Structures are given as C-alpha cells and as structure tokens.
Amino acid sequence: MLSVGIDLEEIARVKQSMRNPGFCRRILGEEEYRQLAAREFPPQSVAASFCAKEAFSKVLGTGVRNFSLKEVELLRRESGAPYLHLHGRALTLFESLGGRELAVSVSHTRELVTVVVVSCD
C-alpha cells in the first residue's frame with residue numbers, strides 16, 4: 001500500500017476553536033495533549049495536530065470516520081521530528097488496508113499549517 005494524504009489548515013480557525021475549553025481535550029490523544037500542554041498549546045502546533053489527523057484520514061481514503069481523532073496522535077521525538085502514533089480503531093483500519101509504516105512532514109507559516117502523511121508497506 002502506498003498512499004499519500006495532505007491537509008492545509010488556517011491557524012486562526014484553530015485558534016478560534018481553542019477558545020472552547022473542551023476543544024483540545026476532544027481532538028488530542030493523551031500523550032499528544034501532554035506534549036502540547038508542556039508547550040502551553042501553541043496554536044500552530046494544535047493546528048498541525050488537527051491537520052495530521054485529516055491527512056491521515058486521506059491516507060485511509062475514508063475521511064474522518066470509523067475512528068476517533070484522539071486515536072491519531074502527532075507526537076515529537078526528542079529531536080523534534082514529528083511522527084504519528086496510532087491506536088484503537090485508527091490502527092486497526094490502517095493495518096487492515098495493509099499499511100505498516102507512516103512518514104509525516106509538517107510545515108507552517110504565520111497563517112497556515114500543512115501536513116503530508118505517506119503510508120508504505
């Protein structure tokens with residue numbers, strides 16, 4: 001399986017959503033939430049997390065359904081390099097399509113964030 005998903009988000013829209021106190025809890029997985037909380041939830045990073053979930057859903061070809069957004073976590077290694085951690089139904093769906101590995105790339109400007117996710121077997 002070789003599949004590519006890409007998404008582009010406006011940081012201002014995510015920042016607006018963050019005014020709702022439950023927004024981050026609703027979309028972020030536990031470790032993802034901890035990592036972002038330690039950095040005081042920078043809007044561009046929260047937008048990147050949301051964007052990664054959308055890009056992953058495009059890799060699946062299903063859109064965001066049959067899995068929880070919390071089951072797709074955009075995490076960072078000690079070096080700062082991003083990676084996706086899947087669990088629950090998101091992992092099951094990915095594996096059922098023959099996926100074994102994911103690569104992720106994140107980029108942003110002051111206004112926009114984009115994430116590309118590539119799946120390969």
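Glu-32 has a relative accessibility of 0% and therefore counts as buried. In this predicted model, the residue is placed in helix H3, which covers residues 30-38. Beyond the neighbours within four places in sequence, Glu-32 is in contact with Ile-27, Ser-49, Lys-53, Val-72, Glu-73, Leu-74 and Leu-75. With one of these, Lys-53, the side chain of Glu-32 makes a polar contact of 2.8 Å.

**Salt bridges**

The pairing of Glu-32 with Lys-53 also qualifies as a salt bridge, with 2.8 Å between the closest N and O atoms. Because Glu-32 belongs to helix H3 and Lys-53 to helix H4 (residues 43-60), this pair ties together parts that are 21 residues apart in sequence. Lys-53 is itself buried, at a relative accessible area of 1%. The partner Glu-32 is buried as well, at 0%.

Across the whole structure, a search finds four salt bridges. Three of them, including the pair just described, are listed below with the separation of their closest N and O atoms.

| Acidic residue | Basic residue | Closest N and O atoms |
|---|---|---|
| Glu-31 | Arg-34 | 3.1 Å |
| Glu-32 | Lys-53 | 2.8 Å |
| Glu-71 | Arg-89 | 3.8 Å |

The bridge from Glu-71 to Arg-89, with its closest N and O atoms 3.8 Å apart, is formed outside helix H3. Glu-71 lies in the loop between H4 and strand S2 (72-76), whereas Arg-89 lies in helix H5 (residues 88-96), so the pair ties together parts that are 18 residues apart in sequence. Glu-71 is buried, with a relative accessible area of 12%, while Arg-89 counts as partly exposed at 48% relative accessibility.

The bridge between Glu-31 and Arg-34 is contained within a helix: both residues lie in H3, three residues apart, or about one turn of the helix. Glu-31 counts as partly exposed, its relative accessibility being 30%.

**Helix H4 and the adjoining loops**

Helix H4, which supplies Lys-53, has 18 residues, and at 1.5 Å a residue these should span 26 Å; the end C-alpha atoms are 26 Å apart, which agrees. Of the 18 residues, 14 are buried, so the helix is largely enclosed by the rest of the structure.

Leu-60 lies in H4 and, at 9% relative accessibility, counts as buried. Apart from neighbours within four places in sequence, Leu-60 is in contact with Phe-67, Leu-93, Phe-94 and Leu-97. The C-alpha atoms of Leu-60 and Ser-3 are 7.9 Å apart in space, although the two residues are separated by 57 residues in sequence.

H4 is followed by Gly-61, which has a positive phi near 80 degrees. Most residues other than glycine have a negative phi. Against that background, two further residues deserve mention. Phe-41, placed in the loop between H3 and H4, has a positive phi near 50 degrees. Asn-66, found in the loop between H4 and S2, likewise is not a glycine and has a positive phi of about 70 degrees.

**Strand S1 and its pairing**

Ser-3 belongs to strand S1 (residues 3-10), where it forms part of a covered face together with Gly-5, Asp-7 and Glu-9. The uncovered face of S1 consists of Val-4, Ile-6, Leu-8 and Glu-10. In a regular strand the side chains alternate between the two faces of the sheet. S1 runs antiparallel to strand S5 (residues 112-120), and eight bridges join the two. Within this pairing, Val-4 stands opposite Val-118 in S5.

**Cysteines**

A search of the whole structure finds zero disulfides. Cys-51 is buried, with a relative accessible area of 0%. The closest cysteine sulfur to that of Cys-51 is in Cys-24, at 15 Å, which is too far for a bond because a disulfide requires sulfur atoms within 2.5 Å. For Cys-120, the closest cysteine sulfur is that of Cys-51, at 20 Å, again too far for a bond. Cys-120 is partly exposed, with a relative accessible area of 33%.

Terms used:
Residues numbered from 1 in each chain as written. Heavy atoms only, no water. Helix = DSSP H or I, 4+ residues; strand = E, 2+ residues; numbered from the N terminus. Buried < 20%, exposed > 50% of the residue type's maximum accessible area, 1.4 Å probe, protein only. Polar contact = N/O pair within 3.5 Å; in protein donor to acceptor, adjacent residues only side chain to side chain. Contact = heavy atoms within 4.5 Å. Salt bridge = Lys/Arg side-chain N within 4 Å of Asp/Glu carboxyl O. Expected span 1.5 Å × (residues − 1). Pairing = 2+ DSSP bridges.
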